[in-house]
Amino acid sequence: MTTGILECSPAILVAAGLSVLAIFFCYLAFFRGGTKRYPPAVGTVFHQVYHLQRLHDYHTGLFREHKTFRLLSPGRRQIYTSDPAVVEHILRTNFTSYGKGDFNYENMSDLLGDGIFAVDGDKWKQQRKIASYDFSTRALRDFSGGVFNKNAAKLARIVASNAATKHPMDFQGLLMKATMDSIFTIAFGLDLNTLDGSADEGSRFAAAFDDASEFTLVRYVNVFWKVARFLNVGVEATLRDRIKVVDEFVYKRIRGRADEMSDDKARDAHPKQDLLSRFILATTSDSGKVDYKYLRDIIMNIVIAGKDTTAGGLSWFLYMVCKHPDVQEKISKEVSEATANAGEAASSVDEFSRSLTDEALNRMHYLHAALTETLRLYPSVPLDNKECFSDDVLPNGFSVGKGDIVYYTPYAMGRMERLWGDDAHEFRPERWLDQDGAFQPESPFKFTAFQAGPRICLGKEFAYRQMKIFAAVLFRFFVLALRDEKASVNYRSMITLYIDQGLHLTATAR
Ligand code: HEM
């Protein structure tokens, strides 16, 4: 004979456990909340662990009932919003009361140090100022444009060699390498060459870097990570090991470049255009003292910011246009028309890629719309948060306490019918075009893929340029198709939205 509890399914046991926790936290929240009005509590943070595989869809479902809600948790209050007015409030109107805070800093600083992603206040201001100036200079635009053109052509050559055999390729894997090579060259002035697999040291660095990013994010769901770090066990031990590999590689490059630049003659003879050289000049003291740790943090943050976000966005874009062959054909036609002036001379991938000037790219409104429509449905950063620095009241009348975390939710917001209409779930690039076919941007507080306000993504224009160059080269030379039309595709619940199991496509030459 079995007992009743043993006859229960694991799902019933988990549900019962979650209900007990929910009642406990409701009780706790009542006493902590006092008379203030907080957003409705619709679950606990433990429900998120249960729904981890479909986390963003779980949030989307909850938002259909409440624009802003709370998940009960031990410690800080966790507030989630899909309301553009609240997003505008935390990202712009009351900017000084919200930031990364110690919650994010503690989770991220082993890898990100004091880089722009992890810090607030003066440290953030200084890096933002230097980086926004650099990102807007003609020299960096030209340099990065050349890097994107070269890597897009390299990618196309790899695709061409497989197209002949009709062998499916994992495009997400290829794009991860291509964007790593691009951002590393722009940041350090050095081609890692992971795309053609020829650089062993570079590939080892890239693999360690990917692991370190992934294991850092595990801290957001593992409340016991500090204990594991202290004991140096499990994922935390691996993280420490991977950060060591990353640091050795990066410090070697920084020392080498700083030494080169301390030699005035060599510096004047070969002025460098990469970000590292620019930051060395901007941060080295008058006495010539170089702050290696600070440089490491600044540059590593830009690599992290620019790599997976762009590769993820491009991967979902290729997936969507393979699902919608009519969109793929429209893009291919637009690319041909926008580059018609380059003429027949641009028949090789290298020549064609070089012909993709800013003027040509600016003519590609439909491609721009298709990329934006992809980021609406599959934003590279699906969920983001800010810590509240002082008690506040949101525009919807709900209170937020000092130390609470407010999440804004690009994935869920992109799917809200109340924001995008009844066809919110449909992939329709036309929604971004006016009657003359010109791209029309939306409010960044409604389309939040690049964040908004003073901390809006610094690399947005860079990202669009790289994505447009890669897409234009691919669709000028190939028709892409899913290996298996019927296979279901899911995301991996990391901070960056990846396609779980990769993106397997076949390519046919046009
Ligand atoms: C599709 C591609 C991209 C998307 C969707 C994206 C999205 C975002 C988001 C959501 C943030 C806010 C993160 C936070 O502070 O919590 C951000 C910040 C940032 N992004 Fe991007 N990004 C992309 C590409 C890039 C690229 C290519 C670069 C650099 C070359 C870049 C540089 C940065 C930097 C430096 C910040 C920090 C800004 C600050 O805190 O002031 N991003 N990005």
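These legends walk through five close-up views of a predicted model.

**View 1. The six-stranded open sheet.**
Here we follow a sheet built from six strands in the order E1-E2-E3-E9-E6-E4, open rather than closed, with mixed pairing. Its edges are strand E1 (41-44) and strand E4 (98-99), each of which pairs on one side only. Further in, strand E3 (residues 78-81) runs parallel to strand E9 (residues 405-408), and four bridges join the two. To find your place in that pairing, look for Gln78, which stands opposite Ile405 in E9. The pairing of E6 with E9 is antiparallel and also has four bridges. In this second pairing, Glu387 is the residue opposite Ile405 of E9, so to speak the counterpart of Gln78, which faces Ile405 as well. At the end of the order, E4 and strand E6 (residues 384-388) are antiparallel partners with two bridges between them. Tyr98 has Cys388 in E6 as its bridge partner.

**View 2. The shell around the ligand.**
Which residues come nearest to the ligand? Out of the 23 residues around the ligand, they are Ala305, Gly306, Thr309, Cys457 and Gly459. Three elements each give two or more residues to this shell: helix H7 (121-136), helix H15 (292-323) and helix H22 (460-477). Helix H15 makes the greatest contribution, with six residues. If you are thinking about the chemical character of the surroundings, the shell divides into 13 nonpolar, seven polar and three charged residues.

**View 3. Helices H10 and H12 crossing.**
A handy reminder for this view and for View 5: two packed helices are described by the angle between their axes and the distance between the axes. The axes of helix H10 (residues 200-218) and helix H12 (residues 234-262) come within 8 Å and cross at roughly 140°. The two helices are therefore oblique to each other. The crossing of H10 and H12 is left-handed. On the H10 side, the contact includes Glu201, Arg204, Phe205, Phe209, Asp211 and Phe215. H12 contributes, among others, Val235, Leu239, Arg242, Ile243, Val246 and Phe249. How do the residues of this contact divide by type, and how many are charged? There are four charged residues, alongside 12 nonpolar and two polar.

**View 4. The three-stranded open sheet.**
This sheet has its strands in the order E5-E13-E10, is open, and uses antiparallel pairing. Strand E5 (169-170) and strand E10 (478-482) each have a single partner strand, so one side of each is left without a neighbour in the sheet. Between E10 and strand E13 (residues 504-509), five bridges make up an antiparallel pairing. A good landmark here is Ala481, which stands opposite Thr506 in E13.

**View 5. Helix H16 packed on helix H19.**
The last view shows helix H16 (residues 325-338) and helix H19 (residues 365-377), whose axes lie 8 Å apart at an angle of about 140°. From H16, the residues that take part are Val327, Lys330, Ile331, Glu334 and Val335. They meet Tyr366, Leu367 and Ala370 in H19. By type, the contact of H16 with H19 has six nonpolar residues, no polar ones and two charged ones.

Definitions and conventions
Residues numbered from 1 in each chain as written. Predicted model: local features only at pLDDT ≥ 70, side-chain atom pairs only at ≥ 80, totals over all residues. Pairing = 2+ DSSP bridges. Near = placed C-beta within 6 Å. Nonpolar A, V, L, I, M, F, W, Y, C, P; charged D, E, K, R; others polar. Axes fitted to C-alpha atoms, helices over the stretch in contact; angles between N-to-C directions. Parallel < 35°, antiparallel > 145°, perpendicular 65-115°, else oblique. Left-handed = near helix turned anticlockwise from the far one by under 90°. Contact = placed C-beta atoms within 7 Å.
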